[in-house]
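Hi everyone, thanks for coming. Today I'd like to walk you through the empty spaces in one protein model, and then finish on its surface. Let's put it on the screen.

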Amino acid sequence: MAFSTLILAAGAGTRMRSTRAKVTHGLLEKPLIRWVVDAARQAGSAEVITVVGFAREQVEPLLEDTTVVIQEERLGTGHAVMMVADLLAREDTPPSLLVLCGDTPLITPDTITALVASQQQGGAAICMLTHLLADPTGYGRVVRDAEGNVLRIVEEKDATDEERALEECNSAAYCFDVRVLLENLAELKNDNAQGEYYLTDIVGICVAKGMTVKAHIALAEETQGINSRAQLAQATKVMQQRINNRHLEAGVTMLDPDQVWIGPDVVLESDVELLPLTMLWGKTTVASGSVIGPNTRVTDSVIGPDCRVDESVLIRARLEAEVACGPRAYLRPGTVMKAGSKAGTHVEIKNSTIGEGSKVPHLSYMGDAMLGVGVNIGAGSITCNYDGANKHPTVIGDRAFVGSDTMMVAPVTVGSDTVIGAGSVITKPVPDGALALERTEQKIIEGWTVKHRKEKR
């Protein structure tokens with residue numbers, strides 16, 4: 001079933017009230033246009049061509065795996081197809097062309113496959129994608145003949161009472177016989193109030209010439225275009241339910257699926273538990289036995305088996321088995337938590353490896369650090385890794401005990417089996433097995449409080 005795909009993504013989307021191109025807005029952290037491109041690819045499209053126009057500098061970086069065509073003047077959907085006519089006329093172009101809108105992220109590969117098959121198996125000039133609505137107000141109605149072939153698309157304002165009663169509506173997605181499309185593009189006219197060329201007019205042209213035009217009915221939710229923030233929120237809810245149901249069926253536990261958001265590329269093993277207000281984005285993977293949440297956001301991270309991530313933010317971090325994280329920890333890019341390690345309450349870690357069984361329990365910052373096995377970091381301790389111009393490393397050996405409120409001024413090395421006294425500022429290497437203290441002498445002034453109070457009177 002050979003076909004190529006043309007995605008129309010040149011519009012401004014004014015109802016979004018945004019300076020951004022509509023198709024760049026995210027649905028579960030994935031741009032709208034990427035949902036459509038990926039659906040076409042998954043359905044087996046040999047090539048994907050995208051037509052861009054408004055704010056194309058925002059859109060083009062999202063389309064590096066497609067052939068991008070610029071529509072400098074946006075003169076309608078028919079004009080957009082004219083922009084790619086030369087590409088479609090190549091000898092190696094597949095016989096069918098799927099045309100989709102870049103703002104329809106809910107369309108599925110299965111529906112695309114069925115649409116193309118309907119066009120090819122029936123030898124139709126066009127197969128339209130349609131949907132049924134109990135209240136089709138505002139949509140163009142699809143009028144069929146007794147055999148079920150499409151006769152025309154009639155706009156509501158032009159429809160008779162009988163036609164207005166029809167529930168089948170045009171969805172603005174098509175599969176064309178490429179040869180037929182190219183032969184009839186020149187017959188499109190722009191003698192309308194908008195001065196635009198409408199792709200829908202090809203349907204009437206083909207019917208008038210006695211060609212077969214078919215329609216394939218899809219679920220209405222799949223054909224929904226995103227034209228406003230409210231519609232984006234509605235589509236997000238639909239996709240959230242689709243994805244969550246798939247994971248539930250595969251053995252993932254969710255206390256409340258309505259309060260869990262999972263991106264399309266996230267991989268979850270069975271027996272993962274997701275608590276409310278959990279968001280998993282990007283290429284995140286979570287292994288069996290791990291509990292994530294509540295109130296947790298994880299992006300592009302790897303979480304191993306039997307981990308616990310509680311009220312935390314993880315970005316491009318890697319957790320091995322049985323790692324404890326949180327509550328309220330922040331693991332920034334480059335963080336590696338080895339098996340059995342811990343990042344506790346109000347801990348921030350960046351570009352650091354926390355060794356097997358090592359603990360950073362609370363109120364600490366580890367940046368550009370390498371911790372060995374069985375290290376304990378006392379509360380309020382930090383690696384001073386930035387000198388105002390460059391970042392420097394801190395290395396802490398196996399089984400080191402770092403007392404509370406310690407500052408390790410990088411670059412610095414703390415050896416294995418060492419003890420750092422609380423409140424120290426470590427600026428020099430500490431050899432293996434040593435005790436390091438850095439404090440001024442404590443002074444006590446007897447009777448100071450009483451004397452001070454008398455002076456204030």
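Let me start with a list of classes: eight nonpolar, two polar and five charged residues make up the lining of the second largest pocket. Please keep in mind that this is a predicted model.

How much space is there in the second largest pocket? Its volume is about 330 Å³. There are 15 lining residues, and those closest to the centre of this pocket are W35, Q42, P109, M239 and P264. If you'd like to find the spot by its helices and strands, look for α1, residues 32-42, and α10, residues 229-249: each supplies at least two residues of the lining.

Before we go on, a word on the idea behind all this. Rolling a probe the size of a water molecule over the atoms shows where empty space is left.

Now to the largest pocket, which holds about 1600 Å³ of space. It is lined by 44 residues, and T77, C101, D103, A172 and N227 are the closest to its centre. Several elements give two or more residues to that lining, namely β1 (3-9), α3 (77-82), β6 (96-101), β10 (168-177) and α9 (220-223). Which of them has the largest share? That is β10, with four residues. By class, the lining of the largest pocket has 18 nonpolar, 20 polar and six charged residues.

So much for pockets; next come the cavities. How many cavities of 30 Å³ or more does the count give? Just one. The largest cavity has about 50 Å³ of space. Around it you'll find C101, T104, I107, L129, S171, A172, A173, E222 and T223. You may recognise some names here: C101 and A172 line this cavity, and they are also among the residues closest to the centre of the largest pocket. Strand β10 gives the most to the cavity lining, three residues, while β10 and α9 each supply at least two. Sorted by class, that lining has five nonpolar residues, three polar ones and one charged.

Last stop, the surface. F401, V419, L435 and L437 make a nonpolar patch of about 390 Å². One of them, F401, sits in strand β36, residues 401-402. Why can F401 be called partly exposed? Because its relative accessible area is 43%, and partly exposed covers the range between 20% and 50%.

That's my tour. Thanks for listening, and I'm happy to take questions!

Conventions
Residues are numbered from 1 along each chain as its sequence is written. This is a predicted model: local features need pLDDT of at least 70, side-chain atom pairs count only at pLDDT 80 or more; totals for chains, interfaces and linings use all residues. Side-chain values use heavy atoms; hydrogens and water are left out. On a 1 Å grid over the protein atoms alone, a cavity is a set of points where a 1.4 Å probe fits but cannot get out, and a pocket is an open set with protein on both sides within 12 Å along at least five of seven lines; lining residues have an atom within 4 Å of a point. Grid points are joined across faces, edges and corners, and a volume is the space filled by probe spheres set on the points. Ala, Val, Leu, Ile, Met, Phe, Trp, Tyr, Cys and Pro count as nonpolar, Asp, Glu, Lys and Arg as charged, and the others, Gly among them, as polar. Patches are made of residues with over 30% relative accessible area and no salt bridge: like charges are joined within 9 Å, nonpolar side chains (Val, Leu, Ile, Met, Phe, Trp, Tyr) within 5 Å. Accessible areas come from the Shrake-Rupley method with a 1.4 Å probe; for residues, only the protein chains shown count as cover. A salt bridge is a side-chain nitrogen of Lys or Arg within 4 Å of a carboxyl oxygen of Asp or Glu. Buried means under 20% relative accessible area, exposed over 50%, partly exposed in between (1.4 Å probe, protein chains only).
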